[in-house]
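Hello,

As agreed, here is the structure, with notes on what turned up in it. Please look at the coordinates alongside the text.

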Amino acid sequence: MTVPSRLLQQCFQEALSSASELLTRSVDAAIASLQAAEKASKEVAQRDRLALAWWGLLQHKIQWGKDFSHHLSDALLASPEVNSSRPALLSESSLLSLVDDDAVNESLESARLVHSLLPVLEQQLTLLDALISSVVGLQTVQAERNPLRPSVFVRALRALMATAEAEPEVRALWLRHMGQPLGRELQKLYERIALILQR
């Protein structure tokens, strides 16, 4: 993407200034969700994994709050093609041979998270896609060219998690339990950004 317009920069600024609180609230909700799943689990090994996951989130929460806006800034300024979240690519055998099982599983987990966010965000995202397409000068609405689409936030979140945890299974648990709270946070953010653009 070339240098964003002033209006688009305002939208980015709103997203970046909200990033720390957005992430902290999502992490808090994920910790509570993991703790509830741990209590409900009858299997010792599963309980241990869940306990390890929520404890890890608790340990990283403060630092992540500080770092998330940097990862998000990188993701926002990347080209739309780099950021496009296309799970269909994972089915191409030539690509699958180049990555290991953990990377494929994590990509699938990210794709699942993006797809789980879409129904929650549908109304706000439809409006935002239209407004952003207009701002960047497109003749038709092109959702995949929206630099603020959910897959961009998920990509930034995955990059953040990768810096803190080497175990893909733990990162997958984190992503799974952050889905609903992240959806709620993005919903509120998209409403605020749409208001900026409508004004």
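The side chains of R49 and E169 form a salt bridge, with an N to O distance of 3.0 Å. R49 belongs to helix α2 (residues 44-77) and E169 to helix α7 (residues 168-198), so this contact ties together parts that are 120 residues apart in sequence. Both ends have some access to solvent: R49 is partly exposed at 31% relative accessible area, and E169 is partly exposed at 41%. Bear in mind throughout that this is a predicted model.

In total, the structure holds six salt bridges. Two others are worth describing alongside the one above.

One joins R25 and E21, whose side chains meet at 3.2 Å, N to O. What separates R25 and E21 along helix α1? The two are four residues apart in α1 (residues 6-40), which means about one helical turn lies between them. R25 has a relative accessibility of 39% and therefore counts as partly exposed. E21, at 52%, is exposed, because the cut-off for that class is over 50%.

The other joins K188 and E185, at 3.5 Å from N to O. This pair sits in helix α7, three residues apart, so the separation is again about one helical turn. Is each partner buried or partly exposed? K188 is partly exposed, with 41% relative accessibility. E185 is buried, because its relative accessibility of 8% falls under the 20% limit.

These two pairs should be read together: E21, R25, E185 and K188 are linked in a network of salt bridges. The network takes in E21 and R25 from helix α1 and E185 and K188 from helix α7. Helix α7 also holds E169, the partner of R49 in α2.

The last item is helix α6, which covers residues 150-164. How far apart should the ends of α6 be, at 1.5 Å a residue? The expected span for its 15 residues is 21 Å, because the rise is counted over one less than the number of residues. In the model the end C-alpha atoms of α6 are 22 Å apart, which agrees.

As for burial in α6, the buried residues are P150, S151, V152, F153, V154, A156, L157, L160 and M161. Each of them therefore has a relative accessible area under 20%.

Regards

Notes: Residues are numbered from 1 along each chain as its sequence is written. This is a predicted model: local features need pLDDT of at least 70, side-chain atom pairs count only at pLDDT 80 or more; totals for chains, interfaces and linings use all residues. Side-chain values use heavy atoms; hydrogens and water are left out. Buried means under 20% relative accessible area, exposed over 50%, partly exposed in between (1.4 Å probe, protein chains only). A salt bridge is a side-chain nitrogen of Lys or Arg within 4 Å of a carboxyl oxygen of Asp or Glu.
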